[in-house]
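Subject: Structure for your files, with notes

Hello,

Here is the structure I said I would pass on. My notes follow below it.

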Amino acid sequence: MTTHPTYAPHVLPATTHSYLARSAESLAEAMGTRDVPTRYACAHVAALRAAAALLAARARPQPTRGKRQKNAWVLLAEVAPEMAEWAGFFSAGAAKRAAAEAGSRRAVTEREADDLVRDADRFLAVVEQALGLVPHPVGTLSPGLLQHRAG
């Protein structure tokens, strides 16, 4: 069984806190828009930023000379194997996000966008917990909470 260090908020890198705040902002934007492609894209970006927060806390840079660069989802599965299922799930939605960001009105359905918002919200809470933080109550990101997170 692999164990991971317990993190205290005061010892996490500043970039981790920044990515968490930016993830919450993207998630709030996703929750607040009626535009389906934007909702999907913002939710996916929120998940990507949550993954970046965990990578900022756990990853140890290695020389990339002669190696192919890896995307965040591949790195997440390597650095945090317990997140491999999440990484695979969000990686599978990257092409839809790209289509949604490009303005395709048919890239995703309203149901897919709503589901991704809920999944990204839950993923952010999982990441917060993995970092030793008290996870936000899923479904409750509000402007007040966002301001507190950023401060």
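Is A80 buried or exposed? Please bear in mind while looking that this is a predicted model. A80 has a relative accessible area of 0%, so it is buried. This residue sits in the loop between α3 and α4. Beyond its neighbours within four places in sequence, A80 is in contact with L54 and R58. A80 and L55 are 25 residues apart along the chain, and their C-alpha atoms are separated by 8.3 Å.

Overall make-up

The chain contains seven helices and zero strands, and its elements read α-α-α-α-α-α-α from the N terminus on. Of its 151 residues, 37% are buried. Taking the contacts with a separation of 6 or more, 70% are between residues 24 or more positions apart. About 8,800 Å² of the chain is exposed, and 53% of that area comes from carbon and sulfur atoms.

α2 with α6

Helix α2 covers residues 36-58 and helix α6 covers residues 110-130; the two pack at an angle of about 15 degrees, and their axes are 8 Å apart. That angle makes α2 roughly parallel to α6, since the cut-off for this class is under 35 degrees. The crossing of α2 past α6 is left-handed. On the α2 side the contact involves V36, R39, Y40, A43, H44, A47, A50, A51, L54 and R58. On the α6 side it involves E110, E112, A113, D114, L116, V117, A120, F123, L124, V127 and A130. By class, the contact of α2 with α6 has 15 nonpolar residues, one polar and five charged.

α2 with α3

The axes of α2 and α3 come within 10 Å of each other and cross at roughly 45 degrees. α2 is therefore oblique to α3. Here too a left-handed crossing is found, with α2 passing α3. From α2, the residues in contact are H44, A47, L48, A51, L54, L55 and R58; from α3, they are A72, W73, L75, L76 and V79. This contact of α2 with α3 is made up of ten nonpolar residues, one polar and one charged.

Several α2 residues appear in both lists. H44, A47, A51, L54 and R58 meet α6, and H44, A47, A51, L54 and R58 are also part of the contact with α3. Of these, L54 and R58 are in contact with A80 as well.

α3 with α4

Helix α3 (residues 72-79) packs against helix α4 (residues 84-92) at an angle of about 170 degrees, with 8 Å between their axes. The two helices are therefore roughly antiparallel to each other, the cut-off being over 145 degrees. W73, L76 and A77 of α3 make this contact with A84, A87, F90 and S91 of α4. The residues in the contact of α3 with α4 are six nonpolar, one polar and no charged. W73 and L76 also belong to the contact of α3 with α2.

Two positions in α5

Helix α5 spans residues 94-101 and includes A98; A94 is in α5 too. A94 counts as partly exposed because its relative accessibility is 28%. A94 and H44 are 50 residues apart in sequence, with 7.6 Å between their C-alpha atoms. H44 is one of the α2 residues that meet α6. A98 is likewise partly exposed, at a relative accessible area of 41%. The C-alpha atoms of A98 and P37 are separated by 9.7 Å, with the two positions 61 residues apart along the chain.

R122 in α6

Which residues does R122 contact, leaving aside its neighbours within four places in sequence? They are W86 and V138. R122 is in helix α6 and counts as partly exposed, because its relative accessibility is 47%. R122 and V138 are 16 residues apart in sequence, and the C-alpha to C-alpha distance is 5.9 Å.

To recap, α2 packs roughly parallel to α6 and oblique to α3, while α3 and α4 are roughly antiparallel.

Regards

Technical notes. Residues are numbered from 1 along each chain as its sequence is written. This is a predicted model: local features need pLDDT of at least 70, side-chain atom pairs count only at pLDDT 80 or more; totals for chains, interfaces and linings use all residues. Side-chain values use heavy atoms; hydrogens and water are left out. Axes are lines fitted to C-alpha atoms, for helices over the stretch in contact, and angles run from 0 to 180 degrees between N-to-C directions. Helices (H or I, at least four residues) and strands (E, at least two) are DSSP runs, numbered from the N terminus. Angles under 35 degrees count as roughly parallel, over 145 as roughly antiparallel, 65 to 115 as roughly perpendicular and the rest as oblique. A crossing is left-handed if the near helix is turned anticlockwise from the far one by less than a right angle, and right-handed if clockwise. Contact means heavy atoms within 4.5 Å. Ala, Val, Leu, Ile, Met, Phe, Trp, Tyr, Cys and Pro count as nonpolar, Asp, Glu, Lys and Arg as charged, and the others, Gly among them, as polar. Buried means under 20% relative accessible area, exposed over 50%, partly exposed in between (1.4 Å probe, protein chains only). Accessible areas come from the Shrake-Rupley method with a 1.4 Å probe; for residues, only the protein chains shown count as cover.
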